[in-house]
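Grab a viewer and work through these exercises at your own pace. Each one comes with a worked solution.

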Amino acid sequence: MGFFGDIRVIYNMVFRPVRGNSHAQRMDSFYKNQAKDYDDFRRRLLKGRESLWQNMLTIEPYQNTIWMDMGGGTGSNLHFFGDAIDDISKVYVVDLAGSLLEVADNRIHDSGWKNVETAEADATTFVPQEGAVDNITFSYSLTMIPDWFAAIDHAWELLKPDGKIGIVDFYLSRKFPAKNHVKHNWLKRTFWPAWFAYDNVFPSHDHVPYLHKKFKPLLFEERQTKLPWFPFFKMPYYIFIGKK
Ligand SMILES: C[S@@+](CC[C@H](N)C(=O)[O-])C[C@H]1O[C@@H](n2cnc3c(N)ncnc32)[C@H](O)[C@@H]1O
């Protein structure tokens with residue numbers, strides 16, 4: 001898509017007001033004019049997703065499991081499964097934004113995946129027909145879910161006893177983070193939440209501690225990434241995999 005696609009995305013992110021009376025309407029209002037350009041821009045913005053998938057797939061066997069990608073958007077993460085996708089019983093891509101799920105549905109159709117389904121639903125309440133699931137992922141969706149604690153609690157309830165949760169997302173440290181965790185300076189902790197809030201993205205200092213409290217950590221990495229078009233700024237993100 002290149003330069004003009006980037007301009008369309010940046011215009012929608014920076015200038016176009018997000019409208020809607022409900023969270024679902026606001027999500028669709030934000031995404032509907034950038035759904036087609038979404039994947040290319042986010043590939044450069046949302047780092048660590050492939051790494052999360054690789055780790056989720058290698059930590060434990062994935063064959064014959066049920067996997068839910070919460071806030072899965074256009075379903076671009078489905079490509080990170082590689083050939084492994086054929087061995088998974090069922091993959092759900094759950095999202096509130098119908099415009100992004102349309103892209104996901106086309107992708108599923110074009111790829112011929114018969115075991116993948118989209119669900120236009122809320123990650124804090126959606127229950128698949130199977131009831132319990134083995135793996136749940138959130139890639140850059142937790143920061144867009146106002147009741148993120150409800151989303152984590154709901155994921156915990158949906159997971160089978162040995163189930164795994166995998167998250168990759170932006171975050172900021174607490175002023176006094178846990179021992180061995182990275183500490184971000186005042187400027188980062190103050191600037192980034194204000195910047196991202198404009199797009200209804202809420203990087204939090206509480207996601208990481210809450211995930212560590214709720215799940216047994218199997219992997220936790222703290223990283224930073226440059227933003228497209230703003231190469232002088234680095235935004236912190238983390239990868240967390242935990243077991244129920
Ligand atoms: C930044 S996008 C990330 C999309 C995708 N996971 C990816 O990595 O490209 C955040 C996604 O979360 C979805 N979302 C926000 N709140 C949600 C909720 N309560 N339930 C389901 N999806 C939600 C948005 O519609 C959007 O698709």
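**Exercise 1.** Find which residue of S5 stands opposite Ser139, and how many bridges join S4 to S5.

*Solution.* Start at Ser139: across from it in S5 stands Val168. Now widen the view: S4 covers residues 133-139, S5 covers residues 159-170, and six bridges join these parallel strands. Strands and helices here are DSSP runs, numbered from the N terminus (strands E, at least two residues; helices H or I, at least four). Two strands count as paired if DSSP finds at least two bridges between them. Before going on, note that this is a predicted model, where local features need pLDDT of at least 70 and side-chain atom pairs count only at pLDDT 80 or more, while totals for chains, interfaces and linings use all residues. Residue numbers run from 1 along each chain as its sequence is written.

**Exercise 2.** Work out which helix packs on the sheet touching S1, S4 and S5.

*Solution.* Look at residues 148-158: that's helix H6, and it touches S1 (66-70), S4 and S5. Contact means C-beta atoms, placed from the backbone, within 7 Å. Next, compare directions: H6 makes about 150 degrees with S5. Such angles run from 0 to 180 degrees between N-to-C directions, with axes fitted to C-alpha atoms, for helices over the stretch in contact.

**Exercise 3.** Lay out the strand order of the open sheet and name its edge strands.

*Solution.* Seven strands line up as S3-S2-S1-S4-S5-S7-S6, with mixed pairing. S3 (116-120) and S6 (216-227) are the edges, as each pairs on one side only. Ignoring direction, neighbouring strands are turned by 15 degrees against each other on average. For the antiparallel part, seven bridges join S5 to S7, with Lys164 partnering Lys243 in S7. Then 11 bridges join S6 to S7, also antiparallel, and Leu219 has Ile241 in S7 as its bridge partner.

**Exercise 4.** Find the residues with the most contacts inside the largest nonpolar core, then list what Ile136 touches.

*Solution.* The core has 56 residues, and Met70, Ile136, Ala151 and Ala155 have the most contacts inside it. Such a core is a set of buried Ala, Val, Leu, Ile, Met, Phe, Trp, Tyr and Cys residues joined through C-beta atoms within 7 Å; buried means 20 or more other C-beta atoms within 10 Å of a residue's own. Strand S7 (residues 230-243) gives the largest share, six residues. Finally, leaving out neighbours within four places in sequence, Ile136 contacts Met68, Met70, Ala155, Leu158, Leu159 and Ile165.

Conventions
Two residues are in contact if their C-beta atoms, placed from the backbone, lie within 7 Å. A residue is buried if 20 or more other C-beta atoms lie within 10 Å of its own, exposed if 12 or fewer, and partly exposed in between; C-beta atoms are placed from the backbone.
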